[in-house]
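Here is a friendly walk through one part of a fold, strand by strand. Keep the structure open beside you and follow along.

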Amino acid sequence: VTKGPGLIGALLVGINAAKAFAYAHDLPLVGVHHIAGHIYANHIVRPMAFPLIALVVSGGHTELVYMKDHYDFKLLGETLDDAAGEAYDKVARVLGLPYPGGPHIDRLAQEGQDVFHLPRAMLDQDNFHFSFSGLKTHVMNLVHQAKQRGETIRKEDLAASFQACVIDILVEKTLKAIEIYPVKQLLIAGGVAANRGLRKRLEDEMKKYPHVELSIPPLAYCTDNAAMIGVSGTFAFLKGVRDDWSLSGSAHLDLALESRP
């Protein structure tokens, strides 16, 4: 069962249901980290090969994780403000698109051109951290200023420019990590892994690294699903993880603390 991070109400509903099943059928209880679940979604269709790097991109998380073995998580970098998926949703709202915004911006981006050349934050810094808050604000200001001048911005072009910027940041940081850490596999995880632009760019770029296998889960396993928690929970169980009836949900959990010897 997912124990966090996430919305505490939803977590508690799932945890209490899992406790009831475990108690009624005399089964062990295993709490699973949400992000570990997204990473292990890849194992559903392709065995994980270690060492590996996982790029986790979702509404609430943007992280680069290094793994030497099952349930051995080392955080290389993370977003310092908005996650990529969160930025997608906020920009989509400014453009008048439905929630969640990621699929709608992805669709529009296929029909537009990168004519705005938005700033790529933190690419010149020697670390693996991300930042998308400034990009989101830049787009909001562009739209606001255009309205004040009575101008119309072509949504397709702004979507294409925004998406090109996000993908550049994600891919370049990831490739830098691959060049520093010798790995056998690159895993993409989280809801934004369903983004067609990101998938294609990574597929193209990874041809330069034939020694590293690229693993991107099918669309059905990119967004939150029960299968990914089941797979991740299985490996946690094999590592000896057991929880008692005091298990509760947490809105914030450190993935590195889930590591097991």
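Strands β3 and β4 run antiparallel to each other and pair over six bridges. In this predicted model, the connection between them is a hairpin, with four residues leading from β3 to β4. To find your place in the pairing, look for A54, which stands opposite V65 in β4.

A54 is also a handy marker towards β6, where its bridge partner is L187. Here the sense of pairing is parallel, with five bridges between β3 and β6. Moving on to β4, this strand has an antiparallel pairing with β5 over four bridges. One landmark there is L64, whose bridge partner in β5 is G77.

The three pairings can be set side by side:

| Strands | Sense | Bridges |
|---|---|---|
| β3 and β4 | antiparallel | six |
| β4 and β5 | antiparallel | four |
| β3 and β6 | parallel | five |

Now for the whole sheet. Five strands make up an open sheet with mixed pairing, in the order β5-β4-β3-β6-β7. The edges are β5 (74–78) and β7 (213–215), each of which pairs on one side only. From one strand to the next, the twist averages 20°. As a general reminder, the strands of a sheet pair through backbone hydrogen bonds, either parallel or antiparallel.

Back to β3: are its faces covered or open? Both faces are covered, with L52, A54 and V56 buried on one side and I53, L55 and V57 buried on the other. That fits the count for the strand, residues 52–57, where six of six residues are buried.

Notes
Residues numbered from 1 in each chain as written. Predicted model: local features only at pLDDT ≥ 70, side-chain atom pairs only at ≥ 80, totals over all residues. Heavy atoms only, no water. Pairing = 2+ DSSP bridges. Helix = DSSP H or I, 4+ residues; strand = E, 2+ residues; numbered from the N terminus. Axes fitted to C-alpha atoms, helices over the stretch in contact; angles between N-to-C directions. Buried < 20%, exposed > 50% of the residue type's maximum accessible area, 1.4 Å probe, protein only.
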